[in-house]
Amino acid sequence: MRGGRKALLKVIILGDSGVGKTSLMNQYVNNKFSTQYKATIGADFLTKEVLVEERSVTMQIWDTAGQERFQSLGVAFYRGADCCALVYDVNNVKSFENLDSWRDEFLLQANPRDPENFPFVVIGNKVDVEESKRQVTQKRAMAWCQQKGNIPYFETSAKEGINVEQAFFTIAKNSLKQEADVELYSDFPDPIKIDGDTSVAKSAGCEC
Amino acid sequence: MADLRAGDRIAMFELLVGAKHLPPEDTFDRFRRLCFAGIPDTAGIRQRAWMLLLGHLPFGDRARWPAVLRERREVYFGFVGDLITPPTEEELALCAAQLRDESPTAQRNPKWDRYVEEMTLVDQIDMDVRRTLPDLSFFQMPVPPSALSPLTVPADVEVVDADGAGAGDTSAPPTHGFQPLPGRRGLFDRIVAFKRDDDFGARSRASGKATARGTTSSANGDGGGSGGGGGAGDSPRRGGDLHWEAIERILYIFAKLNPGIGYVQGMNEILGPLYYVLATNPAEEWRAHAEPDAFFLFTALMSEFRDHFIRHLDNVASPRYSKLSVPSTASLESLSMAAADDAEHANETGIGESMNRLMRKLARVDPELHQNLNHKRISPVFFSFRWISVLFTQEFPLPDVIRIWDAVFADIAEDIVGAESLQAEHLDSSLALDGRAGASGTAGVDDAAGMVLVAGGGGRREHKFEFVIDFACAMMTSVRRELLEGAFGDNIKLLQQYPLQDVDALVGKAWEYHVMGPDQGPQRLDFGDMIKRSSMQAFRRAAMGMSSAAMGVSSAASIASAGFGQALRDRGTQEPQAEREGGPRPVFDLGMFTRPFAGAKGGRRRGMRRRRP
């Protein structure tokens, strides 16, 4: 039943304002780059058809707004996500430090079945900028990814199209794998309910 | 014939926004109705019309205009003088130390922390304003120098002109007579000093050589063209500001004065068209003051839509909220208290509720489409959050946005200015030509801050800015066939990249929904609930309205229900409804707004719904 069906993957892109989420999505979907993207209001939506292991897959990509103010909308966008790409700017240490809270917030609001194994991908964008401005080393980023359960890590340049395809391909592949696992689970007559609140801390998002 | 009509309209508008006293039949209400149908693009009309609609200028008291304008501009220049300051020596030293040191935490001190917090705000604004209306070269161009404004005189001229220190009456020659503002670029100096480098390279350009390249030059700038923060030395720019820098200043001042809201992404998209319209006024005496005037129009707009920008109010539950945000230091405390208060109660004014209003309206005018979208699990958040929160600026090209705003402002003018009080005011001033006679609460002076307030009838209607909801609804129903036929992904893409260009048709359709009036039911429906209330119920409600119309119970009810019945009948035809001849249903004929003076007297009576007793 599963083999013939066309897969639909819902992908969420998260990260601080200005790290290049919109640029990444547009580079991936349209092979275009512009410095004139406006700040995203709410979330933008694009789709792309890809072939993963001989299977035709439609990726529905939600490029979300980075400003904290928009996080209350998260729940509308995060629910039912198959994969989440956490994006930071390698030249902006704050955007890297915020990955923790983006991840927590996502798990909290998306409430996936198996938060421990939910497929994330981490993307360090803007590697085209000169080395002297870089604030987060590859080593540091990879250590964080490892600590969070071996999240795949990519360094990209949306501007120059470096590694973007690879990152999104991994996203598609891992989401499919997750989907397959989930379906396997749901074949059991009485599935074990895994609570979403394990190890998920509420981020300090209140702005009172 | 159409030309003739257009000519008449222009002449009429010229009178309505002119400095001359109006005859009593030219009420604010009538003016509002005319604006609904679109304000002429001709020289300087729209600028003043928007000022009237948003309560910046008193409609009925034209004698007071020069004083009001001058007073407010002075207030704004005061804000610039007080709030826009260059970095202090200490801050510069801290910045320099931070830039040298890889770890800013080495510099821990509370002052620095505060500074960082503040600069984070500035940086966010800075990042966004550069990208305001990027399709136009306008915002990348320098603000043309003018001796009329302390913000636009070139720095070297400014010093010479400074003798007008006694900022009294405009008895002095047409020089500005305002206090000079030598520190007006202080904010930008602070950013340059604070930031490791200038991301976009825009400030590292040689002074005065502002070009239309703007952000497109950043392709090089990113790659090191900005030369490791070399831009810092160029400041302050001698040749004046760029337009996007003017709106940066406005947004910063607004955020400082309204800490309960601060700066939220998207505000620049609302401010952009306001500023653009003012700054393109052919008359220098107006154009030169685009920045202060835009600040006040923006503030007036935000007083209407501020709740859309407050995260606490996003959720559908919180209390009714009708306070105005006022750019006065005196109100800061009350403002933030009000915001905190909101968080505890059920609110009906945040963006969540506005989106629910849209879906309720859709359920009413097009139950089939509503149900269809609901089945496909298309949440209004996916598309209408942006539509509503930034007032359609992202969905249409600028000229269309401006056209839509004519109608939106004409609608909210009822809240901001208050038709009744203005009519009274008009009456007052027509009886007594005394300049102060007609102040009647639409504009007053806050003693504490010596500040002109945008106050008035805010919150007098149950359903504010209903036309925004109506227009969003019209956008949906105008592509109903595509929506009904498409799947989830197609629908979202369609609604996010809105295909229709004919805004007049959309405004016409929105008007149909507008005369229906807002959802009457006190019951709160959420998106999921609405599906249960099917078309039958809507029809029943329509039928009830019809019968009351037939009995001639109340004019408001009859107009609303007749409009509703019509909308139901029209649904499915997909015909643009802007251009329809009068005849059988003159009541919601858009043409009624375009009828010149002769038709106006009768038009008043039968035209607009009167909701309030």
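Helix H5 (residues 138-147) of chain A lies across strands S4, S5 and S6 of chain A. Its direction makes about 155° with that of S6(A). The model is a predicted one.

**The sheet in chain A**

The sheet under this helix is open and has 6 strands. Their order is S2-S3-S1-S4-S5-S6, and the pairing is mixed. Strand S2 (43-52) and strand S6 (153-155) of chain A each have a single partner strand, so one side of each is left without a neighbour in the sheet. These two stand at the edges. On average, neighbouring strands are turned by 25° against each other, direction ignored.

Strand S5 (residues 120-125) of chain A runs parallel to S6(A), and 3 bridges join the two. Within this pairing, A:Val122 stands opposite A:Tyr153 of S6(A). Helix H4 (residues 99-110) of chain A also packs on the sheet. H4(A) touches strand S1 (7-15), strand S4 (83-89) and S5 of chain A. The direction of H4(A) makes about 160° with that of S4(A).

**Helix packing in chain B**

Three helix pairs of chain B are set out here.

| Helix pair | Angle | Axis distance |
|---|---|---|
| H15(B) and H20(B) | about 55° | 9 Å |
| H18(B) and H20(B) | roughly 145° | within 8 Å |
| H13(B) and H18(B) | roughly 75° | within 11 Å |

Take H15 (residues 351-365) and H20 (residues 466-477) of chain B. Their angle is about 55°, which makes H15(B) oblique to H20(B). The crossing is right-handed. On the H15(B) side, the contact includes B:Arg357, B:Leu358, B:Lys361 and B:Leu362. On the H20(B) side, B:Glu466, B:Ile469, B:Asp470 and B:Met476 are among the residues involved. By class, this contact has 8 nonpolar, 2 polar and 4 charged residues.

H20(B) also packs with H18 (residues 398-416) of chain B. Here B:Ile404, B:Ala407, B:Val408 and B:Asp411 of H18(B) meet B:Glu466, B:Phe467, B:Val468 and B:Phe471 of H20(B). The class count is 6 nonpolar, no polar and 2 charged.

H18(B) in turn packs with H13 (residues 290-305) of chain B. The angle is roughly 75°, which makes H13(B) roughly perpendicular to H18(B). H13(B) supplies B:Ala300, B:Leu301, B:Glu304 and B:Phe305. H18(B) supplies B:Val408, B:Phe409, B:Ile412, B:Asp415 and B:Ile416. This contact has 7 nonpolar, no polar and 2 charged residues. B:Val408 is listed in the contact of H18(B) with H20(B) and in that of H13(B) with H18(B).

**An aromatic pair between chains**

A search of the whole structure finds 40 aromatic pairs over all chains. One of them is formed by A:Trp62 and B:Phe382. Their ring centres are 4.8 Å apart. The planes stand at 45°, so the pair counts as tilted. A:Trp62 lies in strand S3 (residues 55-64) of chain A. B:Phe382 sits in the loop between helix H16 (367-375) and helix H17 (384-389) of chain B, so the pair joins two chains.

Notes:
Residues are numbered from 1 along each chain as its sequence is written. Chains are lettered from A and ligands numbered from 1 in the order in which they are written. This is a predicted model: local features need pLDDT of at least 70, side-chain atom pairs count only at pLDDT 80 or more; totals for chains, interfaces and linings use all residues. Side-chain values use heavy atoms; hydrogens and water are left out. Two strands pair if DSSP finds at least two bridges between them. Helices (H or I, at least four residues) and strands (E, at least two) are DSSP runs, numbered from the N terminus. Axes are lines fitted to C-alpha atoms, for helices over the stretch in contact, and angles run from 0 to 180 degrees between N-to-C directions. Contact means heavy atoms within 4.5 Å. Angles under 35 degrees count as roughly parallel, over 145 as roughly antiparallel, 65 to 115 as roughly perpendicular and the rest as oblique. A crossing is left-handed if the near helix is turned anticlockwise from the far one by less than a right angle, and right-handed if clockwise. Ala, Val, Leu, Ile, Met, Phe, Trp, Tyr, Cys and Pro count as nonpolar, Asp, Glu, Lys and Arg as charged, and the others, Gly among them, as polar. Rings of Phe, Tyr and Trp (its six-membered ring) pair if their centres lie within 6.5 Å; planes under 30 degrees apart count as stacked, over 60 as edge-to-face and the rest as tilted.
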